[in-house]
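Open the structure in a viewer and keep the selection panel at hand. The stops below each name a selection and say what is found there.

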Number of protein chains: 2
Amino acid sequence: MSTSDPSVNNTTPTTSSSANLQAIHEQLTVIGKKARAASRAMAKATSQQKNLALLQMGMAIRLQTPLLKEVNLRDIERAKLAGQDAAFIDRLTLSDKAINGMIEGLEQIAALQDPIGEVLNHRSRPTGIDISQMRVPLGVIGIIYESRPNVTIDAAALCIKSGNATILRGGSEAIESNTALAKIIQDCLKRAGLPEDGVQVIETTDRAAVGEMITMTEYIDVIVPRGGKSLIARLMQDARVPMIKHLDGICHTYVDAEADMSKAITVCDNAKTQRYSPCNAMETLLVHAKIAPRIMAPLCKIYQDKGVELRVDRKTKGVLAQAGFDGMSALVDATEEDWTTEYLAPILSIKVVENLDEAIDHINHYGSHHTDAIMTENTITADRFLKEVDSASVMLNASTRFADGFEYGLGAEIGISNDKLHARGPVGLEGLTSLKYIVKGNGSIRG
Amino acid sequence: MSTSDPSVNNTTPTTSSSANLQAIHEQLTVIGKKARAASRAMAKATSQQKNLALLQMGMAIRLQTPLLKEVNLRDIERAKLAGQDAAFIDRLTLSDKAINGMIEGLEQIAALQDPIGEVLNHRSRPTGIDISQMRVPLGVIGIIYESRPNVTIDAAALCIKSGNATILRGGSEAIESNTALAKIIQDCLKRAGLPEDGVQVIETTDRAAVGEMITMTEYIDVIVPRGGKSLIARLMQDARVPMIKHLDGICHTYVDAEADMSKAITVCDNAKTQRYSPCNAMETLLVHAKIAPRIMAPLCKIYQDKGVELRVDRKTKGVLAQAGFDGMSALVDATEEDWTTEYLAPILSIKVVENLDEAIDHINHYGSHHTDAIMTENTITADRFLKEVDSASVMLNASTRFADGFEYGLGAEIGISNDKLHARGPVGLEGLTSLKYIVKGNGSIRG
């Protein structure tokens, strides 16, 4: 799950002097060249080698836990001195839970099927040639992330398994933890007969290194940014390297006139309140005018009981007043801005719509094309919604919170993409690969 | 086939005054908004509607041939006055052959299976949700091309069939022909119940319009540039909208020690000489040192007899001298630059390599990752080449000239991509689509 990370606004980057830029350019070029060279060996690695590296990483993390915690403590102390808040420190901390999570992740990724080398779409052509496609790594993946050091392991593991070389650039606050984890990764790559440069961590904390990375089209094939909206927005402005990313998740649930009341209440509750910070949490609820008089009051009571602030349009307010709703005084009038806001918080905007078309138009216009759901028992209505809503994931009678690589059965997730090119929606190992055409002839020539 | 078009260097663009830029920005924004709106209707279009539009376009072109030729003549006369050469005029001319080609293309594309709405990769998850993926259009496709007016029809047809809206920007020399063809397209879209704005032609000849198009990320989802290397290179510098493109095709054939002599000669001849200008023609021949003494002389004789200039490395020269080759005096010494040059002409660079690794390294280092072939009867050698050469198409015992959407059975081709993200290699209708996740539950919530 790509959870949005507000730390970006708290980071205190070291800003580079212009005299320093050339040094960083040179440093990154060296890293880029090493990564490109290593990517050839990573692409050729056997499944056994890759899995061995992953399992060794897990064992090394287990063995070196005390050392890792000691190093991590230094990052934490620095962050505390810099006045970072508790949530920030929490993300930065390599707790037992975080460490066990890394080890389990490594074991899970080792257990996944190797995507590389798979041959598909075979066909014979009348000209005598045989065509197929082979799954191959993308080459070099750049990962830009913030304060969570466990991303170092999670992201590296996915890139190793998919036969890619990786360049990791974590937040400056986690630099000591990341460097220690990188050391483990490189040792284990070496032990598995793979190049140490298969995974490199950028050790400079100068933010100019990020600017350099996102324009290194010669050495990096794709960048996966993992972090909050402002990080992504900043990168999008200047990136020349393609990115697998999403900017935000303004997810909707539309409760149709023919929704099952009980399912709709359960799902709408879960989509908003199961967790507030993930990008797949519902931010706007749309309710058909016909069902609003019945469903609006019980649903809004649930939200208010859980402390969710409700920002409602005029019609919703009317419906609730009509129903003698208790919490009228706590309602907030929704503004135009609410329809385009990703709260990532216990806040929900609500709007009554007159029909399916209005719901679809609202979602396509105001949404972020991430994940949107309809609650209905009418299959014709459902089909129209699923077809016409232009989002990476469209759902019927299910919580938007399911939009996740593990939930979709991808086995792992490097991120979620809202873009239509290449990978769309939750992105697993396959999104870190490409297909090349294999053409076999027997002295075949074109006439 | 994406044939490289040298016209780019001959074009005489109208350069915009800076006062004019704002007007073009506004004009393009209007076009972009119309395209975005039309894309919703195009995405919903039935196969029948789309095919009707395509077939009507064919009929209209047939009926209006005299008119089209008249309009085209005005473009041609202007080009002649501007001093364009015969090859340029040839590309610009709507000959009977070009017109029949457009009509046949329309019929072929109408006959292809509609990719939109296809549901694939269905799976049920233990949480009770069903996951599948649905093929959907990308949205709005921008096509930037040069002097061939038939691209207007070919590209529009592929975009219509794949449910996309299209913005076309042809060369200023073909503006009258393109505008007339656009009129036909829009009439036929309307007659099929589809929005006229489903296909728009930019009528300003100001080159600033191209600069605007390639940065309109809000209104254009992908740009397909069709033209010569200098056009693509220029667009790559400034584009913010993703592109489906290739810069050049430096295609290799490697003749292995264990190649079949007769097959190798036939295929190497075809790959170079069947046509010189396509991007999939061979530009560099690599020959294993063991087979060079036998194959080099007969092969080079064929090339020289066909007027191909041979640029050879020292070892090739030695082998040919040893063999008493007749055409020694016509050989040219290859320079470092030759290994990275796409000639698109009767010129071939030749190098002797000591082994498979040297061949693979040479191709990965100097090539353009377009199409590369090996000639060998050894399946282990073949497998290593096919796996390790990092190109969009890798071939065994076949001519590189096969790298083409029709030859691969895609039914049509919008272009060839050398990029690894999204579509790679020849790109047909599928490359103009995306997959969205469809999630079906029954009141399913995340625990």
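Begin by selecting helix α7 of chain B, residues 175-191, which lies across β3 and β5 of chain B. The helix runs at about 160° to β5(B). The model on screen is a predicted one.

**The sheet in chain B**

Next, colour the strands under that helix. They belong to an open sheet of four strands in chain B, ordered β5-β4-β3-β6 and paired in parallel. The edge strands are β5 (199-201) and β6 (222-226) of chain B, each with pairing on one side only. On average, neighbouring strands of this sheet are turned by 20° against each other, direction ignored.

Now add helix α6 of chain B, residues 150-161, which packs on the sheet. Helix α6 touches β3, β4, β5 and β6 of chain B, and its direction makes about 165° with that of β3(B).

For the pairing itself, zoom in on β3 (residues 140-145) and β4 (residues 165-169) of chain B. How many bridges join these two strands? The two pair in the parallel sense over five bridges. To see one of the partners, label B:V140 and B:A165: the latter, in β4(B), is the bridge partner of the former.

**Strand β6 in chain A**

Switch to chain A and select β6, residues 222-226. Is this strand largely enclosed or not? Four of its five residues are buried, so β6 of chain A is largely enclosed by the rest of the structure. Strand β3 of chain A, residues 140-145, pairs with β6(A) in the parallel sense, over five bridges. Label A:I144 here, and opposite it in β6(A) stands A:P225.

**Domains of chain A**

Zoom out and colour chain A by domain. The domain assignment gives domain 1 as 6-238 and domain 2 as 251-402. The C-alpha centres of these two domains of chain A lie 37 Å apart.

**Two residues of chain A**

Select A:D313, in the loop between β9 (309-312) and α12 (314-322) of chain A. Is A:D313 buried or exposed? Its relative accessibility is 12%, so A:D313 counts as buried; the cut-off for buried is under 20%. Beyond its neighbours within four places in sequence, A:D313 is in contact with A:A334, A:W339, A:I350, A:K351 and A:V352. Draw a distance from A:D313 to A:D338: the two are 25 residues apart along the chain, and their C-alpha atoms are separated by 10.0 Å.

Then move to A:Q322, in helix α12 of chain A. With 73% relative accessibility, A:Q322 counts as exposed. A second distance, C-alpha to C-alpha, takes in A:T29, which is 293 residues from A:Q322 in sequence and 66 Å from it in space.

**The two chains together**

Show both chains. A turn of 180° with a shift of 0.0 Å along the axis lays chain B on chain A with an RMSD of 0.0 Å. That is the relation of a two-fold axis. To find where chain B comes closest to the rotation axis, select B:H422, whose C-alpha is at 1.8 Å.

Last, select the interface. In it, 71 residues of chain B are in contact with 71 residues of chain A. About 5900 Å² is buried between the chains, and carbon and sulfur atoms give 51% of that area. On the chain B side, highlight B:L421, B:Y437 and B:R446, which lose the most area to chain A, together 15% of what that side buries. Of the interface residues of chain B, 100% are also interface residues in chain A, so the copies meet through the same surface.

Notes. Residues are numbered from 1 along each chain as its sequence is written. Chains are lettered from A and ligands numbered from 1 in the order in which they are written. This is a predicted model: local features need pLDDT of at least 70, side-chain atom pairs count only at pLDDT 80 or more; totals for chains, interfaces and linings use all residues. Side-chain values use heavy atoms; hydrogens and water are left out. Two strands pair if DSSP finds at least two bridges between them. Axes are lines fitted to C-alpha atoms, for helices over the stretch in contact, and angles run from 0 to 180 degrees between N-to-C directions. Contact means heavy atoms within 4.5 Å. Domain bounds come from an automatic or database domain assignment. Buried means under 20% relative accessible area, exposed over 50%, partly exposed in between (1.4 Å probe, protein chains only). Copies are superposed by least squares on the C-alpha atoms of residues with pLDDT of at least 70 in both. Buried area is the accessible area (1.4 Å probe) that two parts lose on being put together, summed over both.
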